[in-house]
Amino acid sequence: MTSILDSQISELLTLNPRGLSTAEKLSKIVPVLDAITDFHYNSCHYYKNIIDASFGGITKYGALEELPYLPVRLFKELDLVSVNKDDIVKQMHSSGTTGMNASRIYLDRKTVAIQTKVLSRIVTYSIGQKRLPMIVLDAESTISSRHTYSARAAGILGFSTFASSKFFALDEEMNLRTDALKLFIDSNAGKKFLLFGFTFMVWQNFVQTLIKSGIKLDLTGSILIHGGGWKKITEQYQITNSEFKTRVREYTNISEVTNYYGMVEQTGSLYLECAAGNLHSSTYSEVLFRDPLTLQLVGPGETGLIQVCSIVALSYPGHALLTEDLGSHLGDDNCPCGDLGRYFQIVGRIAKAEIRGCSDAYKDGLIQ
């Protein structure tokens, strides 16, 4: 990675996570993403062959929509790495879907450092700089490995940097440790708590337990940050985001319930929900929306496949990815919350559909 690119990334990290208009942000982030594209093209032979086969080679990109992108599912098929394997210090993997492989993401120290800084900038903008007692709505065994991490483990470890102390609320059978949780809350009486967990587990293993047992906790002034698993929770419990928040507040009195959108393929680059209930891109990332059939861009007010672009993917070519999630582009710079930048909503996920393009080139043997 060149020193010029390092300085460009460092400069971006000094900026307010939601302080730039979309146009201002794009003028700063596109040159960085262009340089990252060039680095991966010259450092990862799979990526080079993909770009040559599917995009006709590399050029200089002056707009975000021009950047070549990979379907996120390729990380389930290929080991995409742009640094020496001796430099890899962590391997991440997605939780995967039944019958499918998990994504495999390889991180070197520089990438870990940038992902940590990006996460810190985004989260402290929302919760403040002060470390808080943290309630992890998961089991401690989830973070037992120190070299290979699941998406859940990555989330827990990432958010642990904001904790003054930490309590794992679930035991190894994923049952709520009710008595121990009450003791932890009592030992930090009068303090604001940070709660973190994956949406489905928060609902099934935490909220449902409180409802069934009739227990109500006093976590007044506290913050719950949660994400992932919405498809499962919707299918099994038929509950909306609004209903989720209502029930959480009813049984915990938590003041702020904040959803986020993110993925292991771009760890640290979260899209946090604002006070108006919309997801926001940060100064370090951007989202585009593409028609599922034509892959052409769709504009504000329309729904399309979400393309995520972020500066956090340096050791692997994951800086521009086409997801399998459907989102609605709501607007730019005019969210009711007052923050600048692009904001959107998740609509759902494509059902058993194949994203055409790079995946086909791989399956057809064009990418070696």
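In the predicted model, helix 2 and helix 3 are roughly perpendicular to each other, because an angle between 65 and 115 degrees falls in that class. The angle between helix 2 (residues 22-43) and helix 3 (residues 45-55) is about 110°, and their axes lie 5 Å apart. On the side of helix 2, the contact is formed by Thr-37, His-40, Tyr-41 and Ser-43, and on the side of helix 3 by His-45, Tyr-47, Lys-48, Ile-51 and Asp-52. Sorted by class, the residues of this contact comprise three nonpolar, four polar and two charged ones.

Two residues of helix 2 that take part in this packing, His-40 and Ser-43, also touch Ser-82. Ser-82 is located in the loop that runs between helix 4 (74-77) and strand 2 (88-93). With a relative accessibility of 6%, Ser-82 is classed as buried, since the cut-off for burial is under 20%. Beyond four places in sequence, the contacts of Ser-82 include Phe-39 and Cys-44, as well as Leu-314, Ser-315, Tyr-316 and Pro-317. Ser-222, by contrast, is 140 residues from Ser-82 in sequence and 41 Å from it in space, C-alpha to C-alpha.

A second helix pair is formed by helix 8 (residues 199-213) and helix 9 (residues 230-237), whose axes come within 7 Å and cross at roughly 45°. This crossing makes helix 8 oblique to helix 9. Helix 8 contributes Thr-199, Phe-200, Trp-203, Gln-204 and Gln-208 to the contact, while helix 9 contributes Trp-230, Lys-232, Ile-233, Gln-236 and Tyr-237. The class composition of the contact between helix 8 and helix 9 is five nonpolar, four polar and one charged residues.

The largest nonpolar core has 80 residues, of which Phe-159, Ile-225 and Ile-311 touch the most other members. Helix 5 (residues 109-127) supplies the largest share of this core, with seven residues. Ile-311 is in contact with Ile-9, Leu-12, Ile-29, Val-32, Leu-33, Ile-36, Ile-114, Val-118 and Tyr-284, neighbours within four places in sequence being left aside. Another core lies apart from the largest one and consists of 29 residues, including Leu-137, Phe-167, Phe-193 and Val-248.

Phe-289 is situated in strand 12 (residues 285-290). The relative accessibility of Phe-289 is 1%, and Phe-289 therefore counts as buried. When residues up to four places away in sequence are not counted, Phe-289 touches Gln-296, Leu-297, Val-298, Gly-304, Leu-305 and Ile-306, together with Gly-327, Ser-328, His-329, Arg-342 and Phe-344. Phe-289 and Lys-216 are separated by 73 residues in sequence and by 41 Å in space, C-alpha to C-alpha.

Leu-157 belongs to helix 6 (residues 151-160). The relative accessible area of Leu-157 is 26%, so Leu-157 is partly exposed. Contacts of Leu-157 outside its neighbours within four places in sequence are made with Ile-143 and Tyr-149. Between Leu-157 and Arg-18, the separation is 139 residues in sequence and 24 Å in space, C-alpha to C-alpha.

Positive phi angles occur at Met-174 and Asp-333. For Met-174, which is not a glycine, phi is about 65°. Met-174 lies in the loop between strand 6 (163-170) and helix 7 (178-187), and is partly exposed, with a relative accessible area of 23%. Asp-333, likewise not a glycine, has a phi of about 70°. The loop that holds Asp-333 runs between strand 14 (320-332) and strand 15 (342-349). Asp-333 is partly exposed, its relative accessible area being 31%.

As to confidence, the protein chain has a mean pLDDT of 91, and 93% of its residues reach 70 or more. Over residues 356-368, pLDDT stays under 50. For this stretch, the model contains 30 contacts beyond four places in sequence.

Definitions and conventions. Residues are numbered from 1 along each chain as its sequence is written. This is a predicted model: local features need pLDDT of at least 70, side-chain atom pairs count only at pLDDT 80 or more; totals for chains, interfaces and linings use all residues. Side-chain values use heavy atoms; hydrogens and water are left out. Helices (H or I, at least four residues) and strands (E, at least two) are DSSP runs, numbered from the N terminus. Buried means under 20% relative accessible area, exposed over 50%, partly exposed in between (1.4 Å probe, protein chains only). Contact means heavy atoms within 4.5 Å. Axes are lines fitted to C-alpha atoms, for helices over the stretch in contact, and angles run from 0 to 180 degrees between N-to-C directions. Angles under 35 degrees count as roughly parallel, over 145 as roughly antiparallel, 65 to 115 as roughly perpendicular and the rest as oblique. Ala, Val, Leu, Ile, Met, Phe, Trp, Tyr, Cys and Pro count as nonpolar, Asp, Glu, Lys and Arg as charged, and the others, Gly among them, as polar. pLDDT is the predictor's confidence in each residue, from 0 to 100. A nonpolar core is a set of buried Ala, Val, Leu, Ile, Met, Phe, Trp, Tyr and Cys residues joined through side-chain atoms within 4.5 Å.
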